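Here are a few worked exercises to do with the model open beside you. Try each task before reading its solution.

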Amino acid sequence: MNDLTEFVINAHGGLDRYRHFSSATAHFRSGGALWAIKGQEGIFNEADVRVDLRRQHASHRPFTAPDLHTSVTAQRAAVESDTGEVKAERLDPRAAFAGHTLHTPWDDLHVAYFAGYAMWTYLTAPFSFASPGFQTEELTPVTEDGQPWHRLKITFPEHIATHCREQTFYYDQDGLLRRHDYTAEVINAGPAAHYCSDHREFDGIMVPTRRRVHPLGEDGTVARDIELVTIDVGGVAFA
C-alpha cells in the first residue's frame, strides 16, 4: 500500500478493525433516473443488502417479493427463495449486457448483478484496496468547492466484478471518501461522478450514508441536476 491508501483505510476504521468482521448488512433506499429508464422503478424503495467481506458475494432482500433474495458473485447471478429454491439463474452474468445502451430494459437478473457488484464495491472500499491483486496509485490532488481532495486511482483485479477496471476515489483532508469516478460499462452511458457524504460510524467503521451519482462529461463537468442513482443508507451492521 502507498501512504495515501494506508491513510484513508485508517480514516475509515483501519484494517485491524475491519478484519474482525466477515460480513456487512446495510439497510438502504435507492432511487434515481436509472431504475425507471431500465423499467425497474421502485425495485429498491427499501431493502437490505448483505456483502461478504472476505470474498465477492452480495445478496439483496427482499427482491421482487417478500420471500425472495438475490445471490451474486462475479460468475453467477440468481434469484432464490428463502427456502433455497432457485427461481432464476444466469452464469457469466456480465455477458448478458453485451450491446446494451442506457435505454435497454433490464430483467431481474440484470438488476441483481449490477446492484450486487456495485454495493459490494461501495461497502468494502477502501479496505478492499489492501487485498491481493488491487493496484493503487496516488494522483495529483484537486480542489472542488474550495476543498482540497486527495485522489487514488484503483485498478481492480480481473476476478472482481465492478463498474470498470480503473476507478478514481477522492478523499478529503480527514481521509473520508467524497467522490468516486467510474464508467459503469454494463450501462454503456459514459462516465459518472458518484458523491458521498453524511458519514456515520457503524461498529467502528466509517460509512457514507448519502450517495448521489451524476453524469460526468468528457470535459470534466458534472451534471448535478441529473441524479442517475441515489442511495440513502439507514444503518449498517458488521458481523
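## Exercise 1: the enclosed spaces

The second largest cavity has a volume of about 40 Å³. Before going on, two ground rules: this is a predicted model, where local features need pLDDT of at least 70 and side-chain atom pairs count only at pLDDT 80 or more, while totals for chains, interfaces and linings use all residues. Residues are numbered from 1 along each chain as its sequence is written, and side-chain values use heavy atoms, with hydrogens and water left out.

**Task.** Find which residues line the second largest cavity, then work out what lines the largest cavity.

**Solution.**

Step 1. Get the terms straight. On a 1 Å grid over the protein atoms alone, a cavity is a set of points where a 1.4 Å probe fits but cannot get out; a pocket is an open set with protein on both sides within 12 Å along at least five of seven lines; and lining residues have an atom within 4 Å of a point. Grid points are joined across faces, edges and corners, and a volume is the space filled by probe spheres set on the points.

Step 2. Pick out the lining of the second largest cavity: Met119, Tyr122, Leu123, Val207, Pro208, Arg211 and Val233. Split by class, that gives 6 nonpolar, no polar and 1 charged. Here Ala, Val, Leu, Ile, Met, Phe, Trp, Tyr, Cys and Pro count as nonpolar, Asp, Glu, Lys and Arg as charged, and the others, Gly among them, as polar.

Step 3. Move to the largest cavity, which holds about 80 Å³ of space. Its lining has 13 residues, and Tyr122, Leu123, Ala125, Met206 and Pro208 lie nearest its centre. The class split is 11 nonpolar, 1 polar and 1 charged.

Step 4. Assign the elements. Helices (H or I, at least four residues) and strands (E, at least two) are DSSP runs, numbered from the N terminus. Strand 12 gives the most to the lining of the largest cavity, 5 residues. For the second largest cavity, helix 4 and strand 12 each supply at least two lining residues.

## Exercise 2: the pockets

**Task.** Which elements give two or more residues to the lining of the second largest pocket?

**Solution.**

Step 1. Start with the largest pocket for reference: its volume is about 380 Å³. It is lined by 20 residues, with Leu53, Arg54, Arg55, Trp120 and Ser131 nearest its centre. Its lining has 10 nonpolar, 7 polar and 3 charged residues.

Step 2. Now go to the second largest pocket, about 310 Å³. Of its 26 lining residues, Leu34, Phe114, Ile187, Val213 and Val229 lie nearest the centre. The elements you're after are strand 1 (23-31), helix 3 (33-37), helix 4, strand 11 (191-202), strand 12 and strand 13.

Step 3. Check the chemistry: 21 nonpolar, 5 polar and no charged residues. Helix 4 gives the most to this lining, with 5 residues.

## Exercise 3: the core

**Task.** Which residues have the most contacts inside the largest nonpolar core?

**Solution.**

Step 1. A nonpolar core is a set of buried Ala, Val, Leu, Ile, Met, Phe, Trp, Tyr and Cys residues joined through side-chain atoms within 4.5 Å. Buried means under 20% relative accessible area, exposed over 50%, partly exposed in between (1.4 Å probe, protein chains only).

Step 2. The largest core has 67 residues, and the ones you want are Phe44, Phe114 and Phe238. Its largest share, 12 residues, comes from helix 4 (residues 108-124).

## Exercise 4: a salt bridge

**Task.** What parts does the salt bridge between Glu227 and Arg212 tie together?

**Solution.**

Step 1. A salt bridge is a side-chain nitrogen of Lys or Arg within 4 Å of a carboxyl oxygen of Asp or Glu. The count comes to 16.

Step 2. Glu227 and Arg212 qualify at 3.6 Å, N to O. Glu227 sits in the loop between strand 12 (205-215) and strand 13 (229-238), and Arg212 is in strand 12, so the pair ties together parts 15 residues apart in sequence.

Step 3. Look at exposure: Glu227 is partly exposed at 35% relative accessibility, whereas Arg212 is buried at 11%.
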